[in-house]
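Dear colleague,

I am handing over the structure we spoke about, and below it you will find my notes on what was found. Please read them with the structure open beside you.

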Amino acid sequence: MDIFNTPVSRTGTYCTQWDFCEDRFGVNDIIPFSISDMDLPIPDAITRALRKRLEHPILGYSRWQHSEYLNAICDWYGQKYDTAIDVNWISYSPSVMYSISRALELLTKCEDNILIFTPSYNAFFDVIKNSERKLLSSTLIKDGDGRYNIDWDDFNAKAEQAKVILLCNPHNPTGKVWSEHELVKISEICMKHNCWLLSDEIHSDFTFSRKFFSALKLHYNKIVVFNSISKTFNVPALTGSYLITADNAFNEQFRLITRYRDFVNSPSVLNVIATIVAYNECDTWLQKLKTHLQSNIDFAVHYVKENLSPLILRESEGCYFAWIDSSEISCSFEHFYSKLIHEGKVGIMDGRVYGPGGENFLRLNLACSREKLYQGLCRISYVVDKINQENKNE
């Protein structure tokens, strides 16, 4: 049985994507492709481990500083990313974005500049603004094949003014996977301007046409990496993440804040168990998942090309999103986007929320069954055909 194409209803589970889609789109009778979790079942090994733990009648406080948890992370980075890390470099955190928020607090001061590449994961804008830091952005440029690249002159000039470079690797929402050459050059510019490099690697297991290269492999000592099993194994509801850095002073400060000021250092035991099991037992499941996602990517690219002219979709290198270019649609983007929601009844992320470079783009979550993906694409096709017909009748 193909577990990734077996329909699973998430309604009635307090699910953000389905049960609360009206909060985002203003309507509730849509098919959503928005939040970056997966409409796909988690590994059986994790389910079995959690059930076994829940058979015990007590759910008390737990710990993360033990060999089973720390070695699972070290082994995963070693085996999957060819990246050697020390257990002492790892710190637990309730979420990646919490960790980034605290890192900005520890490494910068109010009004310091934080530089990101845009279009960018929208939470980066929020964390910078609400940390009372200033946003600097360097907009990625597209080559003739539609691939995103860094505007090195612009990036270098802005890095001179920045205290931190905040990176997402692979890059959400474009799906770009940063090459070793690009990351080395980024680190050299960081070194030149004495910037910290913060790398969100939560999508690191979702690379397809390019190999993932962790920032931890760079020869630079001012790096903090953030990760979690939440995306890879579809368990964000368990909470929990970790950060990795060789900087002992940073680790001491971060652990002090999380334990004695914010009091978030005691982890969910279910997350601890799930992390250990995921990294030790679920590689075969992950390979099957990636095959399914690659198939969905290929299907979406072909469908858009054959049925959704003038929309353009190029195969993403990483993440599980379709980053759809609608700049050639024969109406305003506002009109098109409104029709998608209110007439097509399909909920897709508006590219404008990802900042400069996101205009006229849609981000569609491909981590679902083929049936759901097909239904969503058909609904987009209905809207595109309707717009095209309206233009013919004018």
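**Overall form**

With 394 residues, the chain would have a radius of gyration near 21 Å if it were a compact globule, and because the value computed for it is 21 Å, the two agree. Please keep in mind that this is a predicted model. The C-alpha trace spans about 65 × 55 × 35 Å along its principal axes, and the chain holds 13 helices and 14 strands.

How much of the chain is buried? Buried residues make up 56% of the 394 residues. The accessible surface comes to about 17500 Å², and 48% of this area belongs to carbon and sulfur atoms. If you consider the contacts in the chain with a separation of 6 or more, 74% of them are accounted for by residues 24 or more positions apart.

**A sheet of three strands**

One part that you can follow by eye is an open sheet formed by three strands in the order E11-E14-E13, with antiparallel pairing. Its edge strands are E11, which covers 321-325, and E13, which covers 349-350, and each of these pairs on one side only. Strand E14, made of residues 361-365, pairs with E11 in the antiparallel sense over five bridges, and to find your place in this pairing you can look for Ile324, which stands opposite Leu362 in E14. Helix H12, residues 333-342, lies across E13 and E14, and this helix runs at about 25 degrees to E14.

**The cysteines**

In general, a disulfide is a covalent bond between the sulfur atoms of two cysteines. How many disulfides does the chain have? Counting pairs of cysteine sulfur atoms within 2.5 Å, one arrives at zero disulfides. Cys110, for example, is in no disulfide, and the nearest cysteine sulfur, that of Cys195, is 18 Å away. As for its surroundings, Cys110 is partly exposed, with a relative accessible area of 44%.

Why is Cys168 not bonded to Cys319, which has the closest cysteine sulfur? The sulfur of Cys168 is 6.1 Å from that of Cys319, and this is too far for a bond, because a disulfide needs the two sulfur atoms to lie within 2.5 Å. Is Cys168 buried or exposed? With a relative accessible area of 3%, Cys168 is buried, because the cut-off for buried is under 20%.

With kind regards

Definitions and conventions. Residues numbered from 1 in each chain as written. Predicted model: local features only at pLDDT ≥ 70, side-chain atom pairs only at ≥ 80, totals over all residues. Heavy atoms only, no water. Pairing = 2+ DSSP bridges. Helix = DSSP H or I, 4+ residues; strand = E, 2+ residues; numbered from the N terminus. Contact = heavy atoms within 4.5 Å. Axes fitted to C-alpha atoms, helices over the stretch in contact; angles between N-to-C directions. Rg over C-alpha atoms; globule rule 2.2 N^0.38 Å. Buried < 20%, exposed > 50% of the residue type's maximum accessible area, 1.4 Å probe, protein only. Areas by Shrake-Rupley, 256 points an atom, 1.4 Å probe, with all protein chains shown as cover.
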